[in-house]
Amino acid sequence: MSVFANEVAQQPFYLTAGDSQAPMMVTLTVSVGIAPLALTSDLDHSQAVAVAQADQALYAAKEAGRNRVVAHWQP
């Protein structure tokens, strides 16, 4: 688990359904996928590739147990 994801999971987060109800504490976790952006002459294509790679990394993070950060270039 990454330090970033661990920090998010340790922070209390409170939800309220209305004024008359007491706040309920819930645990939040975060999965993040990141990828590099290649600066090429076709920036639109480079952005599309980076988004697709980050999406693949996000699903890899979720598959690996969630609550983590995965970079596209990591095995």
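A residue is called buried when its relative accessible area is under 20%, exposed when that area is over 50%, and partly exposed in between. With that in mind, open the structure, which is a predicted model, and begin close to the N terminus.

Select Phe4, which is found in helix 1, spanning residues 3-10. Because its relative accessibility is 46%, Phe4 counts as partly exposed. If you display the residues around Phe4 and leave out those up to four places away in sequence, you will find that Phe4 touches Val30, Val32 and Val69. For a sense of scale, draw a distance from the C-alpha of Phe4 to the C-alpha of Ala35, a residue 31 places away in sequence, and the separation is 17 Å.

Move next to Val32, one of the residues that Phe4 touches, and whose place is in strand 3. Val32 has a relative accessible area of 23%, so this residue is partly exposed. Which residues does Val32 touch, not counting those up to four places away in sequence? The list holds Phe4, Leu58, Ala61, Arg68, Val69 and Val70. From Val32 you can also draw a line to Ala5, which is 27 residues away in sequence, while the two C-alpha atoms are 8.5 Å apart in space.

Now select Met25, which is found in strand 2, residues 24-26. Once the neighbours within four places in sequence are set aside, Met25 is in contact with Pro12, Phe13 and Tyr14. A longer line can be drawn from Met25 to Arg66, since the two are 41 residues apart along the chain and their C-alpha atoms are separated by 20 Å.

Keep Phe13 selected and add Leu15, Met24 and Leu28, because these four form a nonpolar patch on the surface, where patch members must have over 30% relative accessible area. Together the four residues have about 350 Å² of accessible area. Within this group, Leu28 is found in the loop between strand 2 and strand 3, the latter covering 32-34. Leu28 has a relative accessible area of 35%, and is therefore partly exposed.

Turn then to Tyr59 and show its ring together with the side chain of Lys62. Lys62 lies over the face of Tyr59, at 5.5 Å from the ring centre. How many aromatic pairs does the model contain when ring centres must lie within 6.5 Å? The count comes to 0 aromatic pairs.

The last stop is the loop between helix 2, residues 43-63, and strand 4, residues 69-71, where Arg66 lies. Ala64 lies in this loop as well, and because its relative accessibility is 47%, Ala64 counts as partly exposed. The C-alpha atoms of Ala64 and Ser31 are separated by 9.9 Å, although the two residues are 33 places apart along the chain.

Continue to the backbone of Arg66, where phi is near 65 degrees, a positive value in a residue other than glycine. Asn67, also found in the loop between helix 2 and strand 4, has a phi near 55 degrees, again positive in a residue that is not glycine. Why are such values worth a look? Most residues other than glycine have a negative phi. Is Asn67 buried or exposed? Asn67 counts as buried, because its relative accessibility is 9%.

Terms used: Residues numbered from 1 in each chain as written. Predicted model: local features only at pLDDT ≥ 70, side-chain atom pairs only at ≥ 80, totals over all residues. Heavy atoms only, no water. Helix = DSSP H or I, 4+ residues; strand = E, 2+ residues; numbered from the N terminus. Contact = heavy atoms within 4.5 Å. Phe/Tyr/Trp six-rings, centres within 6.5 Å; stacked < 30°, edge-to-face > 60°. Lys NZ or Arg CZ within 6 Å of the ring centre and 35° of its normal. Patch = residues over 30% accessible without salt bridge, like charges linked within 9 Å, V, L, I, M, F, W, Y side chains within 5 Å. Areas by Shrake-Rupley, 256 points an atom, 1.4 Å probe, with all protein chains shown as cover. Salt bridge = Lys/Arg side-chain N within 4 Å of Asp/Glu carboxyl O. Buried < 20%, exposed > 50% of the residue type's maximum accessible area, 1.4 Å probe, protein only.
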